[in-house]
Amino acid sequence: MSNRPNAAGIFRTSIAEHLEVVRQLEAQQPVLEAIARAMTATLRAGGKILWCGNGGSAGDSQHLAAELVGRFRRERRGMASVALTTDSSALTSIANDYGYEAVFSRQVEALGVKGDLLVGISTSGNSRNVVAALETARSQGLATVALTGAGGGRMAKLADHLFAVASKETARIQEAHILAGHMLCDWIEQDCLCGVERESAEVVDIAAAAQAERT
């Protein structure tokens, strides 16, 4: 008997599962729109977006924070977005002194202010340190968003906005999370540029009115 992987099965099954999960995202457009509007409102008001998660979700946190600080598809100003997964000194000292469950909540306590928004990412919805971060965020007046798998787990009750992928397969959930994250970045960038255009138009109108008064 061959020990080789069943290539056809691996590829076909993965692609079929991926497409099924992605198709289900269409029904969640209202949720994603609400999240996008909350994120845009946060940034417009001078707040920042914080992200946290473990493992692959930590990678997603860093990826999506970077899309906003840098750019996604368009040239525009940088946006205030911070992944709480990147400061090794903070992570290790907090874990050593308070336990791993506090690695994100302690940072939210230190960095989060009312008007900010926290995104917690967990495929199970039950990651204790992400749950703790959402609890701290709510207590400090931050808006909360949860990206999870089916059901939402414990995070469902802590999120102002819940995006729960209809799957229990970690890989498929993570694929849906990054697709949703990219759509959110696209929305935010377009909204930002529309805002710049509106502000520019207002400046032109003010200048024109001033010129009219002088003549």
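# Exercises on helix α2, the strands and the cores

In helix α2, the residues L32, I35, A36, A38, M39, T40, T42 and L43 are buried; buried means under 20% relative accessible area, exposed means over 50%, and partly exposed lies in between (1.4 Å probe, protein chains only). Helices (H or I, at least four residues) and strands (E, at least two) are DSSP runs, numbered from the N terminus. The model is predicted, so that local features need pLDDT of at least 70 and side-chain atom pairs count only at pLDDT 80 or more, whereas totals for chains, interfaces and linings use all residues. Residues are numbered from 1 along each chain as its sequence is written, and side-chain values use heavy atoms, with hydrogens and water left out.

**Exercise 1.** Describe the chain as a whole: its secondary structure, its buried share and its accessible surface.

*Solution.* Begin with the elements: the secondary structure comprises seven helices and five strands. Read from the N terminus, their order is α-α-β-α-β-α-α-β-α-β-β-α. Next, consider burial: 41% of the 215 residues count as buried. The accessible surface amounts to about 11500 Å², and carbon and sulfur atoms hold 54% of it; such areas come from the Shrake-Rupley method with a 1.4 Å probe, and for residues only the protein chains shown count as cover. Finally, turn to contacts (heavy atoms within 4.5 Å): among those with a separation of 6 or more, 68% are between residues 24 or more positions apart.

**Exercise 2.** Locate A38, decide whether A38 is buried or exposed, and name the residues that A38 touches beyond four places in sequence.

*Solution.* First, A38 belongs to helix α2, which covers residues 29-44. Second, A38 counts as buried because its relative accessibility is 17%. Third, leaving aside residues up to four places away in sequence, A38 touches L117 and H161. A further distance can be added: the C-alpha atoms of A38 and D116 are 9.9 Å apart, although 78 residues separate the two along the chain.

**Exercise 3.** Test the length of α2 against the expected span, and examine what comes just after the helix.

*Solution.* The expected span of a helix is 1.5 Å times one less than its number of residues. For the 16 residues of α2 the expected span is therefore 22 Å, and the end C-alpha atoms are 22 Å apart, in agreement. Just after α2 comes G46, with a positive phi of about 90°.

**Exercise 4.** State how β3 (117-121) is covered, and sort its residues by the way they point.

*Solution.* Five of the five residues of β3 are buried. L117, V119 and I121 point one way, L118 and G120 point the other way, and all are buried. The general rule is that side chains in a regular strand alternate between the two faces of the sheet.

**Exercise 5.** Trace the pairing of β3 with β1 and β4, and of β4 with β5.

*Solution.* Strands pair if DSSP finds at least two bridges between them. Start with β1 and β3, which are parallel and share five bridges; here I49 has L117 as its bridge partner. Continue to β4, which runs parallel to β3 and is joined to it by five bridges. Within this pair, L118 is opposite T144 and I121 has L147 as its partner. Conclude with β5 (residues 161-164), which is parallel to β4 over four bridges; L147 stands opposite F163 there.

**Exercise 6.** Determine the handedness of the unit formed by β3, α6 and β4, and list what covers the buried residues of α6.

*Solution.* The β-α-β unit of β3, helix α6 (residues 128-139) and β4 is right-handed: with the strands pointing away from the viewer, the path from the first strand over the helix to the second runs clockwise. The buried residues of α6 include N129, V130, V131 and L134. Their cover includes β1, α5 (105-111), β3 and β4. After α6 comes G141, whose phi is positive, near 85°.

**Exercise 7.** Identify the members of the largest nonpolar core that touch the most other members.

*Solution.* A nonpolar core is a set of buried Ala, Val, Leu, Ile, Met, Phe, Trp, Tyr and Cys residues joined through side-chain atoms within 4.5 Å. The largest has 30 residues, of which M39, I49, W51, L68, L117, V119 and F163 touch the most other members. At least two residues each come from α2, β1 (49-53), α3 (56-69), β3, β4 (143-148) and α7 (170-214). The greatest contribution, eight residues, is from α7. Apart from this core lies another of 21 residues, including L84, I94, V108 and A146.
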